[in-house]
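Colleague: I should be grateful for a close look at the charged side chains of this protein, and at one buried acidic residue in particular. Please set that residue in the context of its surroundings.

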Amino acid sequence: ILYDAYLCKIFTYLCKVKIDGGNMKKIMNEKLAITASNPVRARFYEYPRFTYPWHFHSEYEIIYVEEGEGDCLVGDSIISYSKGDLILFGSELPHSMQTPPCQDELPELKVKGVNIQFEKDFMHYSISQYSQFIPIKNLLEDACRGIRFTVKRSKKILGLLKQIPSAKGAEQIILLLSLLQVMATDTNRKYLTTSHYTPSPSVMRNERMEKVIAYLNKHYTES
C-alpha cells in the first residue's frame, strides 16, 4: 500500500513535470554539512527558480518564501506554495520545491527567502526532557508530515527569519529556538501529507522503488 501510494503520486507529478517541460530526477539522499558541533545552517537565498531535485535528508528544514510561487512534492502529496509561506520539513521527509517553467520567460520573477536546516538531534536532551520545550517537541514530531504556515503578517516570525542567517554562535541557537517556539504556538498551519503518511527511509532507499522512479523519469521527463 505504501509503495502504491508513493508511485501513484510520483507518476502524477512526473507527468505534470513532463507537460510543463521540467526535469525530475530520481530521489536523492542529501548529505548536509551539519554536525553535532555545527548543528545549524541558515542562509538567505535568491534564485531565478528552484532547481533542487526531489530529495530527503535526516535534518529538519525550514523554508520561508519571501517571493515566488509554485508546487512542492512532499511525502505522498503535492501542494502549492506562494509568497508569505513558511514550510517546515521533518527528518527523512522527501520534498522538492518546483518553480513553474513559464517563469523562465519572465526574468523579473524569482524565488527569494530564507532557508534554515538543523540536525535531527538538535537540543535533543533539553527538548525531550524539559517541560518548557513541550510545544517545540510536539512541533518537531508533527513535522514528519510537513507543515505550512502563512506568516506574511507575522512581524515576530519575519523579524526572527531576517536575523537567524547572519547571527553567530549562541545567538543563532537562541533565535532559532525563539522561532520554533513561535511556530509551535501558531494555529495558522496546515499539514502537507495525508494523515496516514509515515516517513520510511527503507522505502526511500529500496532498490525496487529506485528502479520504478528511474523508469518513470526516463519515459515521462525526457524530451
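Modeller: The account below begins with the acidic residue and then turns to other parts of the chain. Please bear in mind that this is a predicted model.

The residue in question is Glu 61, which belongs to strand E4, residues 60–67. Glu 61 is buried and yet forms no salt bridge. Its nearest side chain of opposite charge is that of Arg 43, at 5.9 Å. A salt bridge requires a side-chain nitrogen of Lys or Arg within 4 Å of a carboxyl oxygen of Asp or Glu, so a separation of 5.9 Å does not qualify.

Glu 61 does have polar partners. Its side chain makes a polar contact with the side chain of His 95 at 3.0 Å, and another with the side chain of Gln 117 at 3.3 Å. Apart from neighbours within four places in sequence, the residues in contact with Glu 61 include Ile 87, Leu 88 and Phe 89, together with His 55, Asn 115 and Ile 116.

For comparison, one salt bridge is present in the structure. There the side chains of Glu 46 and Lys 110 meet, with 2.7 Å from N to O. This pair joins distant parts of the chain, since Glu 46 lies in strand E2 (residues 40–47) and Lys 110 in the loop between strands E8 (95–98) and E9, 64 residues apart. Glu 46 is partly exposed, at 46% relative accessibility, and Lys 110 is likewise partly exposed, at 26%. Glu 61, by contrast, is buried.

The loop that follows strand E9 (111–118) and precedes helix H2 (124–129) contains Met 123. Met 123 is partly exposed, with a relative accessibility of 31%. Beyond residues up to four places away in sequence, Met 123 touches Ile 173 and Leu 177. Met 123 and Ile 173 are 50 residues apart in sequence, while their C-alpha atoms are 9.4 Å apart in space.

Helix H3, residues 134–142, has Ile 136, Leu 139 and Leu 140 buried. Viewed down the axis of H3, the buried residues fall within an arc of 95°, so they line one face of the helix. In general, an α-helix has 3.6 residues a turn, so residues three or four places apart point the same way.

Lastly, the cysteines: the count of disulfides is zero. Cys 72 is buried, at 0% relative accessibility, whereas Cys 144 is partly exposed, at 27%.

Key
Residues are numbered from 1 along each chain as its sequence is written. This is a predicted model: local features need pLDDT of at least 70, side-chain atom pairs count only at pLDDT 80 or more; totals for chains, interfaces and linings use all residues. Side-chain values use heavy atoms; hydrogens and water are left out. A disulfide is a pair of cysteine sulfur atoms within 2.5 Å. Buried means under 20% relative accessible area, exposed over 50%, partly exposed in between (1.4 Å probe, protein chains only). Helices (H or I, at least four residues) and strands (E, at least two) are DSSP runs, numbered from the N terminus. Contact means heavy atoms within 4.5 Å. Lys and Arg count as positive and Asp and Glu as negative; His and the chain ends are not counted. A polar contact is a pair of N or O atoms within 3.5 Å; within protein, one must be able to donate a hydrogen and the other to accept it, and residues adjacent in sequence count only if both atoms are side-chain atoms. The arc is that of the directions from the helix axis to the C-beta atoms.
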